[in-house]
Amino acid sequence: MKPHPTVAKSSPTLHGRNRGAFQRKLLAGCTTISMIFPSTILQRGFAQEAKNTKPSVQDAAVRQRADALLQQMTPEEKAGQLSQLFLFTKPDATMESRIAKGQVGSLLFVTDPSVINHLQHVAVEQSRLHIPLIFGFDVIHGLQTIFPVPIAMAASWDPDTIERAQAAAAKEARAVGIDWAFAPMVDIARDPRWGRIVEGAGADPYLGSAVAAAQVRGFQGAYIGAPDHIVACAKHFAGYGAAEGGRDYDSVDLSDAQLRNVYLPPFKSAVDAGVGTIMSAYMDLNGVPATGNRWLLHDVLRDEWKFGGFVVSDADAVNNLQTHGFAADKADAAMRAFTAGVNMEMALNKDAYDNLPAAYKAGKINSEQLDAAVRPILETKIRLGLFENPYVDEARAAQVLGATEQKQESLRAAERSAVLLRNEHALLPLQGSGNRNIAVIGPLADSKRDITGPWVFVNKEQESVSVLEGLKQIAPQGTQFTYSQGVQISRKFPSMFDAIFGGDKTPVWTEAEQKQEFDKAVQTARSADVVVMVLGERQNMDGEAASRSSLELPGRQQELLEAVAATGKPVVLVMMSARPLELRWASKNIPAILDVWYPGTEGGIAIANLLYGKAVPAGKLPYDWPRDVGQVPIFYSHDVTHQPEKQGTRYWNEESTPLFPFGYGLSYTNFQFSNLHINHDQIHRGEGLDVAVDVRNSGTVTADEVAQLYLHQQSGTSSRPVRELKGFHRVTVAPGETQTVHFNLDTADLTYWSAATRSWVQDDTRFDLWVGDDSNASLHSGFTVAP
Ligand code: BGC
């Protein structure tokens with residue numbers, strides 16, 4: 001849609017200062033009408049198209065304006081737009097002079113609005129072409145108000161909650177002057193040893209795609225540049241979650257079929273949702289580093305998917321092309337990344353892309369290539385309105401950060417994310433007079449830092465609510481709490497984030513103290529009516545460079561759990577971590593287990609509400625929970641081969657089924673699925689289907705259930721997984737009520753990448769279909785696809 005000039009005149013712009021002066025500067029040299037439209041109007045034009053089309057190619061006005069700038073830029077200024085630098089400390093004269101010379105296009109890790117304004121003044125007032133900086137940051141699950149970690153939000157199976165949470169996160173970010181989130185991470189992860197499983201949506205491409213799109217919508221709003229929103233970045237393109245041995249950064253070897261059917265769909269979904277940027281991954285993909293991989297960054301991303309935004313490298317990943325034994329030197333690294341399709345280099349120091357002007361002058365790259373790389377960056381800045389409104393209102397930023405509105409969203413998301421794994425004899429919710437004295441035990445029970453999880457840098461720790469604090473606020477009057485930490489837990493090798501931002505300074509207990517604290521915890525349990533144990537992993541045990549070789553509860557937590565259980569008191573185990581830990585013993589001996597992930601700023605309240613039944617758990621696992629690390633990788637959507645009847649006993653020492661299946665999660669009520677109905681028994685290729693099922697709440701409390709639909713293709717060009725998720729709906733059902741849930745299946749749901757034909761195919765065959773409350777759903781039907 002072309003913007004209309006008369007609308008343009010009356011259009012309001014966002015809050016900002018000195019707008020008139022900068023618009024005058026901006027207008028100088030503009031020769032066409034489209035070059036002078038306020039960006040708000042240009043953005044509206046894009047709004048019509050943002051969801052399903054390729055933004056920058058579509059919007060001619062934005063493009064013309066970017067092109068007008070490109071015509072005035074020197075090769076050095078163009079290379080400057082392709083450079084993104086870290087800024088961890090206060091800016092110094094060198095940094096400011098680089099910005100003034102137009103050598104920097106973007107900065108990351110600046111979160112103080114006054115520093116952002118200061119640097120933006122340098123860029124806009126001192127650089128020759130007055131091009132504003134774009135500020136990026138890892139707004140992974142909130143800025144100051146912290147939301148549940150992304151894997152937790154995926155466990156809500158609720159795209160609406162996810163969208164709302166990321167919109168609230170975007171609001172805080174935009175208020176301080178951050179325009180761009182390095183999120184969502186949409187990497188599929190099937191190996192829980194990999195620490196970054198916390199940042200994604202788990203193991204499944206269908207769920208992962210829905211979550212990816214919801215996050216993009218949340219961050220960006222209806223269009224790039226929407227007020228209170230920021231640009232999203234789908235990362236890490238692609239395959240990063242399949243690191244060998246679950247070791248972060250290690251190589252990845254994936255067949256085309258795995259890539260196309262499992263690892264790429266969430267990226268495609270983000271692109272279809274209009275994501276503005278993509279981050280290239282660190283590792284080798286099938287022998288070619290992702291950051292120098294033209295097949296990925298050009299053939300798939302641009303040619304096939306028509307992505308029109310820009311690609312930023314992961315931190316120092318361009319330089320790293322030398323480490324991979326791929327590029328000969330920095331200049332070669334720059335050429336390889338640039339020609340593969342990396343627009344912007346995220347560098348620890350202005351680095352490899354410094355070599356681009358020389359490469360241009362030597363004729364190794366031409367101005368068309370250079371302009372094509374810079375154009376989408378300029379376009380993004382235009383769409384964001386940065387030329388008109390480069391500065392933020394610092395007073396408003398202070399009001400927005402940590403506001404009640406975001407906290408409420410965070411609380412809601414935390415309550416909706418928790419997964420109830422076990423609840424024998426309805427121990428939960430806690431109620432009645434038998435629960436007057438509660439022992440709260442564990443190294444994570446009163447932690448205000450761990451409860452917000454990793455990837456938190458701006459959070460005010462004192463604002464988050466620990467589990468103990470939450471319980472004290474929510475419990476009925478007269479409830480007595482005793483608390484005991486019991487054990488300390490720590491990493492063997494320190495976290496890189498602790499090295500950068502300072503880790504925990506708590507002194508390590510002596511052996512005598514360890515014994516004393518352990519015994520005290522058991523004693524605390526003895527004198528209680530019920531015990532709430534909060535165990536798991538500290539926040540720095542999950543995240544980047546936080547892989548581990550085992551899945552045991554770190555430290556002496558298992559021993560403590562067993563000692564407390566031996567007192568005979570009923571134990572509620574609250575699991576705080578982002579990966580499935582070893583729960584074989586607990587799943588037989590501990591009556592209630594609630595997985596709360598890292599629930600965020602309001603986590604303590606959310607957990608207390610869940611434990612007391614003020615909120616009813618309805619989260620579902622976004623991965624299969626292994627019995628033992630030796631089963632990894634384990635996922636429900638595997639293929640069947642020889643002796644399927646022995647599938648469950650492939651190991652002679654342990655069952656080969658998971659401890660808890662993908663999609664699993666209990667409630668405080670009971671649901672029944674019935675009346676599964678498909679509107680056709682046979683369809684022709686290209687046609688869709690409607691599937692209906694009744695969900696009945698036969699319990700006594702209103703609660704949510706996630707109806708899940710799985711498909712299996714009986715025969716075809718390639719063999720297909722035993723089941724694949726192809727639909728889900730989270731619904732709220734009152735006691736005694738029955739709701740009919742509908743699923744639409746279309747051609748895309750019946751199509752896959754065939755390794756045999758090396759193309760997308762839809763086979764004519766029979767499909768099995770199941771609907772239920774997890775990936776073991778038993779309500780069965782089927783249909784046939786005919787030519
Ligand atoms: C991570 C990215 C992150 C970047 C900037 C890298 O180490 O892999 O996910 O966005 O740092 O913090």
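Okay, so let's start with a pair of helices: α20 and α26 sit oblique to each other. That label follows from the angle, because anything that is not under 35, over 145 or between 65 and 115 degrees counts as oblique, and these two pack at about 45 degrees. Their axes are 9 Å apart. If you want to find them, α20 covers residues 404–417 and α26 covers residues 603–611. As for handedness, α20 passes α26 in a right-handed crossing. And just so everyone's on board, this is a predicted model we're looking at.

Now, α20 has another partner. Helix α10, residues 159–176, has an axis that comes within 10 Å of the α20 axis, and the two cross at roughly 150 degrees. That's over the 145 cut-off, so α10 runs roughly antiparallel to α20. This crossing is left-handed, whereas α20 and α26 make a right-handed one.

Right, on to the ligand. Which residues come nearest? Out of 13 around the ligand, it's D138, R196, H236, D314 and E544.

Let me go through some of the polar distances. D138 has a polar side-chain atom 2.4 Å from a ligand oxygen. For D314, a side-chain N or O atom is 2.5 Å from an oxygen of the ligand. With E544, the distance from a side-chain N or O to a ligand oxygen is 2.8 Å. And how much of the ligand does the protein bury? On its own the ligand exposes 310 Å², and 94% of that gets buried by the protein.

Last thing, the make-up of that shell: 7 nonpolar residues, 5 charged and 1 polar.

Terms used:
Residues numbered from 1 in each chain as written. Predicted model: local features only at pLDDT ≥ 70, side-chain atom pairs only at ≥ 80, totals over all residues. Heavy atoms only, no water. Near = heavy atom within 4 Å. Polar contact = N/O pair within 3.5 Å; in protein donor to acceptor, adjacent residues only side chain to side chain. Areas by Shrake-Rupley, 256 points an atom, 1.4 Å probe, with all protein chains shown as cover. Nonpolar A, V, L, I, M, F, W, Y, C, P; charged D, E, K, R; others polar. Axes fitted to C-alpha atoms, helices over the stretch in contact; angles between N-to-C directions. Helix = DSSP H or I, 4+ residues; strand = E, 2+ residues; numbered from the N terminus. Left-handed = near helix turned anticlockwise from the far one by under 90°.
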